[in-house]
Amino acid sequence: MDYETELDIDSRAHAVVDNAINMLVACGMTLDRRETKEATLSGPGLRSTNQNPILGVTSLRLIERDHPNSRIIIHADLGGVRWLGKFMIRLPLLMTLGFLALYAAFEFAGPQLGLPVVPPIARWTTLGAIVFSAMPWFFIRPSAIRKLTQRTEQAIENLIRSADRQASCEPPEPVTVD
């Protein structure tokens, strides 16, 4: 999953990228490379929907353009969103397989342990409940991933706009103490 966009800004592009780097480092990303007109950062990735959505970006490249007007070009790899999408498929499948293995162990070892024999209707009901418990995730996952992607993309744009506003503010006058 890749995200690319260009945002027009009001301030100098270099100052905006510097402010964005500071904000992203505060969010847990690391600065990999900083050149004259470009910065590359990497992040730990998204492991929960309760985390900051900017962590859905695992690799971010910010390119400065000052001519004819100031703008920032953003290239982002949404590896954290991709990882969470894979997790949302694997977890229900692994849980289902685990429950089926547990059910099979009780089914085959139960009579040897002195447990009562389960009637056929209860077997099919139990198997159906185990298998169908994973089914909702196949319908929930696409909309959840779409929402996470939108939140991450919006977080990137909001961060750049905030960095732009911060760069356009005048620095405070130094205070001297006599």
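The following exercises, each with a worked solution, concern a predicted model.

Local features are taken at pLDDT of at least 70 and side-chain atom pairs only at pLDDT 80 or more, while totals for chains, interfaces and linings use all residues. Residues are numbered from 1 along each chain as its sequence is written, and side-chain values use heavy atoms, with hydrogens and water left out.

**Exercise 1.** Determine whether glutamate 64 is buried or exposed, and which side chains it joins by polar contacts.

Solution. Start with the location: glutamate 64 belongs to strand β4, residues 59–65. Helices (H or I, at least four residues) and strands (E, at least two) are DSSP runs, numbered from the N terminus. Next, take the accessibility. The relative accessible area of glutamate 64 is 2%, so the residue is buried; buried means under 20%, exposed over 50%, and partly exposed in between, with a 1.4 Å probe and protein chains only.

Then list the polar contacts. The side chain of glutamate 64 has one of 3.1 Å to the side chain of histidine 14 and one of 3.0 Å to that of arginine 34. A polar contact is a pair of N or O atoms within 3.5 Å; within protein, one must be able to donate a hydrogen and the other to accept it, and residues adjacent in sequence count only if both atoms are side-chain atoms. Leaving aside residues up to four places away in sequence, the residues touched by glutamate 64 include Ala13, Val17, Thr36 and Ile72, where contact means heavy atoms within 4.5 Å.

**Exercise 2.** Compare the span of helix α1 with the expected one, and describe how α1 packs on α4.

Solution. Helix α1 covers residues 13–26, which is 14 residues. The expected span is 1.5 Å times one less than the number of residues. For α1 this gives 20 Å, and the end C-alpha atoms are 20 Å apart, so the two agree. Just after α1, glycine 28 has a positive phi of about 115°.

Now consider the packing. Among the buried residues of α1 are Ala13, Val17, Ile21 and Leu24; the buried residues of this helix pack against β2 (30–34), β3 (38–42), β4, β5 and α4. The angle between α1 and α4 is about 120°, and their axes are 8 Å apart. α1 is therefore oblique to α4. Axes are lines fitted to C-alpha atoms, for helices over the stretch in contact, and angles run from 0 to 180 degrees between N-to-C directions. Angles under 35 degrees count as roughly parallel, over 145 as roughly antiparallel, 65 to 115 as roughly perpendicular and the rest as oblique.

**Exercise 3.** Find how α2 is oriented relative to α3, and which residues meet.

Solution. Helix α2 (residues 79–109) has 31 residues and reaches 43 Å from its first C-alpha to its last, close to the expected 45 Å. Its buried residues, including Gly79, Met88, Pro92 and Tyr103, are covered by elements that include β5 (71–77), α3 (120–132) and α4 (135–168).

The axes of α2 and α3 lie 9 Å apart at an angle of about 160°. α2 is therefore roughly antiparallel to α3. At the interface, Thr96, Phe99, Leu100, Tyr103 and Glu107 of α2 meet Arg123, Thr126, Leu127, Ile130 and Val131 of α3.
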